[in-house]
Every structure is written in structure tokens, then in C-alpha cells.
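Let's take a walk through this fold together. Keep the model open beside you as you read.

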Amino acid sequence: MNKKVKYELIWLVAVIAILGISALANYNYTLSASKNIAQPYNGDPSGVVINVTGYQWGWQFEYPNGTTTTDKLILMANVTYTLIVTSKDVIHDLYIPQFGVQVYAVYGHTNEVSFTPLVPGTYIMECVEYCGEYHYEMRGEVVVL
Ligand SMILES: [Cu+2]
């Protein structure tokens with residue numbers, strides 16, 4: 001086997017390995033949305049209401065007792081929540097992939113989404129609507145206690 005063919009084979013195997021590993025990681029990540037980490041709205045109207053405001057570039061969460069957190073949403077397992085979501089400026093889009101929750105944040109308008117987190121843990125959330133220079137920094141965590 002000459003050198004050229006050898007390098008071609010090494011590249012071929014390396015590319016297949018990289019694509020295979022990332023496909024597997026992506027598959028697991030995508031499936032996590034259906035692993036019952038959170039339950040979609042169950043019709044229970046007694047949910048805890050959290051006001052969510054997206055802005056360039058972060059998320060503010062206001063809880064019923066008036067306290068706020070930034071880029072961190074703190075929830076209790078097995079409690080139904082309703083997020084009432086708006087924006088201070090441009091359109092943002094709140095996405096919590098492992099909960100299967102995604103909702104637009106639009107200036108002058110509110111959108112609602114209800115769900116019940118079931119499994120304690122720390123999950124990621126992010127803005128998935130390009131909203132300017134630091135869009136990529138518009139991420140945080142969801143802590144379920
Ligand atoms: Cu955004």
C-alpha cells in the first residue's frame with residue numbers, strides 16, 4: 001500500500017469516526033426530549049406563574065413572590081408551571097430542549113407555555129432566534145429541585 005492510499009484511509013476512518021460520534025451524541029440529546037424529564041401541560045390550571053422577559057442578551061425570570069433571577073430558572077419537580085413570556089426589544093425564542101419546551105418572546109406581546117418538570121437536575125436553556133451580536137451568550141440553566 002503506497003503512502004497516499006494509507007493517508008486516504010486514515011482520513012476516511014477519522015471522518016467516519018467523528019461523524020459517527022457526533023451522530024450518536026445528537027441522537028441521545030434529541031431523544032432526551034422524550035425521556036419524561038418534563039410533562040406537557042396536563043390541564044391543571046393551578047400552576048405557578050413565572051414572568052419571563054427576554055432582552056439583548058439574557059433572560060429574566062420573575063417568580064410569584066417578586067424575586068427575580070437572571071439566566072437561571074429555578075423550579076420544583078412535580079409542580080406545574082406557566083411561563084408568561086415577553087421581550088424588551090427584539091424577538092427571542094426560549095428553548096429548553098430536554099423539556100420539549102420552546103416559546104417565542106415578542107415585544108409588546110405575551111406567549112404562554114405550561115409544563116411540569118419531573119426529574120430534579122440541571123438542564124440547559126437557550127435563545128434559538130438570532131437576536132443580535134451576543135445571541136450566542138443568551139443561554140442559561142434550568143435547575144429543578
Ligand atoms: Cu435572543
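What follows goes from the overall layout to the strand pairings.

Before anything else: this is a predicted model, in which local features need pLDDT of at least 70 and side-chain atom pairs count only at pLDDT 80 or more, while totals for chains, interfaces and linings use all residues. Residues are numbered from 1 along each chain as its sequence is written.

The protein chain has one helix and eleven strands, where helices (H or I, at least four residues) and strands (E, at least two) are DSSP runs numbered from the N terminus. The helix leads from the N terminus, and the strands come after it: α-β-β-β-β-β-β-β-β-β-β-β.

Now for the overall dimensions. The C-alpha trace spans about 70 × 35 × 20 Å along its principal axes. Its radius of gyration is 20 Å, against a value near 15 Å for a compact globule of 145 residues; the radius is taken over C-alpha atoms, and the globule rule is 2.2 Å times the number of residues to the power 0.38. Buried residues make up 21% of the 145 residues. Here, buried means that 20 or more other C-beta atoms lie within 10 Å of the residue's own, exposed means 12 or fewer, and partly exposed is in between, with C-beta atoms placed from the backbone.

On to the strands around β3 (residues 58-62). Two strands count as paired if DSSP finds at least two bridges between them. Strand β2 (residues 48-55) runs antiparallel to β3, joined by five bridges, and the two form a hairpin with two residues between them. Within that pair, Thr-53 stands opposite Gln-60 in β3. β3 also pairs with strand β4 (residues 68-70), in the antiparallel sense over three bridges, and Glu-62 has Thr-68 in β4 as its bridge partner. This hairpin has five residues between its strands, and Gly-66 in the turn has a positive phi of about 95°.

Which side chains of β3 are buried? Trp-59 and Phe-61 are, and they point to one face, while Gly-58, Gln-60 and Glu-62 point to the other and are not buried. In a regular strand, side chains alternate between the two faces of the sheet.

Finally, look for an open sheet of five strands, with the order β5-β11-β10-β7-β8 and mixed pairing. β5 (72-75) and β8 (101-105) stand at the edges with a single partner strand each, so one side of each is left without a neighbour in the sheet. Inside this sheet, β10 (residues 121-127) and β11 (residues 139-144) run antiparallel, joined by six bridges, and Tyr-123 stands opposite Val-142 in β11.
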